[in-house]
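Biologist: I should be grateful for a close look at the salt bridges of this structure. Please go through the charged pairs one by one and describe their surroundings.

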Amino acid sequence: MTSNVLKPVSVWLLLALAFPLGCRTHDAQKPKSTNPAELKRQADSARQSLDGLKPLLAAQNAKFTELHRQFDPLPPGLPGFGETRGSFYAVDEGLGRLNTKLIWLSGRIDTAVQVGDVAELTRVSHDIARTSVDIQKVDRLGLELADQVRPFQQEAAIKLERLQALGKTTCE
């Protein structure tokens, strides 16, 4: 039942991460900051928020490294494993996009400071907050995937034991 929920959520997560959030306006239409102190305050706040995401994302990267150790050795032909395996790789791809998104958001902060655009810093701050929510979703999905892989690991171990009894060394 969880895998039925996981697949649509994974697809939604990938779509949300694939497309930049918010609209870009032409440079001539952007309001420029007349207050350098406000610009610096917002930029510092955005950078601090972005820096706060880095350890959260590092924890997810470590979790998915461990999940790879669990998923990758399993034979893709295990009955019922295709959907779970697909969900895992979809969420893993979303995690990769989040890693790249942090770099992109940092560049947006730098650009907004260079051109003095407080409105862009506000938009970046909103995108950072949404990214934090996305990291939480990846965390939840990772926990669900860890639970879902266990029966397949057990099934693969049983299958491998049977094959070894027949003199074969791999589970295909």
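**Salt bridges in two helices**

Modeller: Lys-40 has a relative accessible area of 52% and is exposed (buried is under 20%, exposed over 50%, partly exposed in between, with a 1.4 Å probe and protein chains only). The model is predicted, so local features need pLDDT of at least 70 and side-chain atom pairs pLDDT 80 or more, whereas totals for chains, interfaces and linings use all residues. Residues are numbered from 1 along each chain as its sequence is written, and side-chain values use heavy atoms, leaving out hydrogens and water.

Lys-40 forms a salt bridge with Asp-44, with 2.7 Å between the closest N and O atoms; the term denotes a side-chain nitrogen of Lys or Arg within 4 Å of a carboxyl oxygen of Asp or Glu. Asp-44 is partly exposed at 35%. These partners are four residues apart in helix α2, about one helical turn; helices are DSSP runs of H or I with at least four residues, numbered from the N terminus.

Helix α2 (residues 36-71) also holds Arg-41 and Glu-38, three residues apart and about one turn from each other. Their closest N and O atoms are 2.8 Å apart in a salt bridge. Arg-41 is partly exposed at 47%, as is Glu-38 at 26%.

In helix α4 (residues 118-165), Arg-130 and Asp-127 are likewise three residues apart. Their salt bridge has an N to O distance of 2.3 Å. Arg-130 is partly exposed at 37%, but Asp-127 is buried at 1%. Through shared partners, salt bridges link Arg-108, Asp-117, Glu-120, Arg-123, Asp-127 and Arg-130 in one network. The structure holds 14 salt bridges.

Notes. Helices (H or I, at least four residues) and strands (E, at least two) are DSSP runs, numbered from the N terminus.
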